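Reader: Could you walk me through this one? I would like to begin with a single residue and then move out to the whole chain.

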Amino acid sequence: MPSTPAAASAATPYGTLPRASTPAQRKPLSLPRLADMHARGEKIVMLTAYDATFAAMADAAGVECILVGDSLGMVCQGLHSTAGVTLETMRYHTESVFRGLHRVQGTAWLIADLPFGSYHESREQALRSAAVLMQAGAHMVKLEGGGWTSETVRFLVERGIPVCAHLGLTPQTVHALGGYRVQGKGGEAAARLKREAHALQDAGAAMLVLEMVPAALSAELTGELKHCATIGIGAGRGTAGQVLVLHDMLGMNLGKMAKFVRNFMQGAEGIAPAIEAYVRAVKNGSFPDDRLHAW
C-alpha cells in the first residue's frame, strides 16, 4: 500500500496535504484502543484543529485525538467567547476536519464540541445535535458541565454516541463562573467536582476534560476514574492526557497567553516539528510542568 493516496500526493495549485499516518505506522484510534492506553498509563495526546490541512498535519505528527473545539469562535471567528458558536458552524468545521483526515488516510479519533444552547433544552435536543456532528464525521461529541448533564450523557451513550465530558472551567458558562478562574479550589468545591466527575463516568462518559483544575485534585481524580480518561488543560501533569488549542501552542494567541500554555514554535523549524514536539512532550511527561503550567 502506498504511503499517501493519489489525491494527497498529486500537486495542486494550493499546495498539498502532508503524508498520511498509514495503518503500518499507526492503527486507527478507537474507544477500545484509547481505553487500553489509559489502562497502561500511556499519555493520550489531544489537540484542536478546525480545518482539513491542520487536521492532517496533526494526524501525521502523531496526535491521537483531534478536537474540533468551539474555541474556533474565538480563534477563527473573533468572538469574545464560545457562547456565540452555532451548531451549523460546528458542523461545517467538523466536516472540514473529517475531509482532511480522510484525504490522507488519517487515523486520529475525531471529537466535536456540542455548542452552547444545542443540548441544554432536553436530552432529545442533545441527541439531534449530536447526530448532526456524528453525520459530519465526528467519532465522539463533547459537552460541558456536571450535575444535570449526567443524564444527557447516559441518554447519548445508550444510543451509541461516545461522549467526552468537560468539568472545571467551562468556557460556555464563563459568565456564570465569574470569569476565567481556577475551579475546584477548597474543600466544598473540590468535593462537588469529584462527585460530578464520578457521576459522568457512571453515566458512560469515556473521556473527561479537566480545565483549570488544581493539579493535586486532577491527579487524585485520574487515579479514581478507572473507566474515564482525564484530559487536562491547565490541570497538571497527573491527568491521563493533555489538550491545547492549536493556535495557542503555536504562539498565535492574539491576547495574553494563558499560564497553562507552552509555545512549541519556539526553537522549532516549522509547524509540523512544533506539533511533533508537543506530542513528544506530552508522551514523556515533560509537558505540562506543574511549576509553570498548573495551580
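Reader: Does H166 count as buried or exposed?

Author: This is a predicted model, and in it H166 counts as buried, because its relative accessibility is 4%, where the cut-off for buried is under 20%.

Reader: Which strand is H166 found in?

Author: H166 belongs to strand 5, which covers residues 163–168.

Reader: And which residues is H166 in contact with, leaving aside its neighbours within four places in sequence?

Author: With those neighbours set aside, H166 is in contact with K142, L143, E144 and G145, and also with P171, L208, V209 and E211. For K142 there is a polar contact as well, which joins its side chain to that of H166 at 2.8 Å.

Reader: Changing topic, how many helices and strands does the chain have?

Author: The secondary structure of the protein chain comes to 13 helices and eight strands.

Reader: What is its radius of gyration, and what would a compact globule have?

Author: The protein chain has a radius of gyration of 18 Å, which agrees with a compact globule, because one with 295 residues would have a value near 19 Å. Along its principal axes, the C-alpha trace spans about 60 × 45 × 40 Å, and 54% of the 295 residues count as buried.

Reader: What about charge, how many positive and negative side chains are there?

Author: There are 27 positive and 25 negative side chains in the protein chain, and the centres of these two sets lie 4 Å apart.

Notes
Residues numbered from 1 in each chain as written. Predicted model: local features only at pLDDT ≥ 70, side-chain atom pairs only at ≥ 80, totals over all residues. Heavy atoms only, no water. Helix = DSSP H or I, 4+ residues; strand = E, 2+ residues; numbered from the N terminus. Rg over C-alpha atoms; globule rule 2.2 N^0.38 Å. Buried < 20%, exposed > 50% of the residue type's maximum accessible area, 1.4 Å probe, protein only. Lys, Arg positive; Asp, Glu negative; His and termini not counted. Charge placed at Lys NZ, Arg CZ, Asp CG, Glu CD. Contact = heavy atoms within 4.5 Å. Polar contact = N/O pair within 3.5 Å; in protein donor to acceptor, adjacent residues only side chain to side chain.
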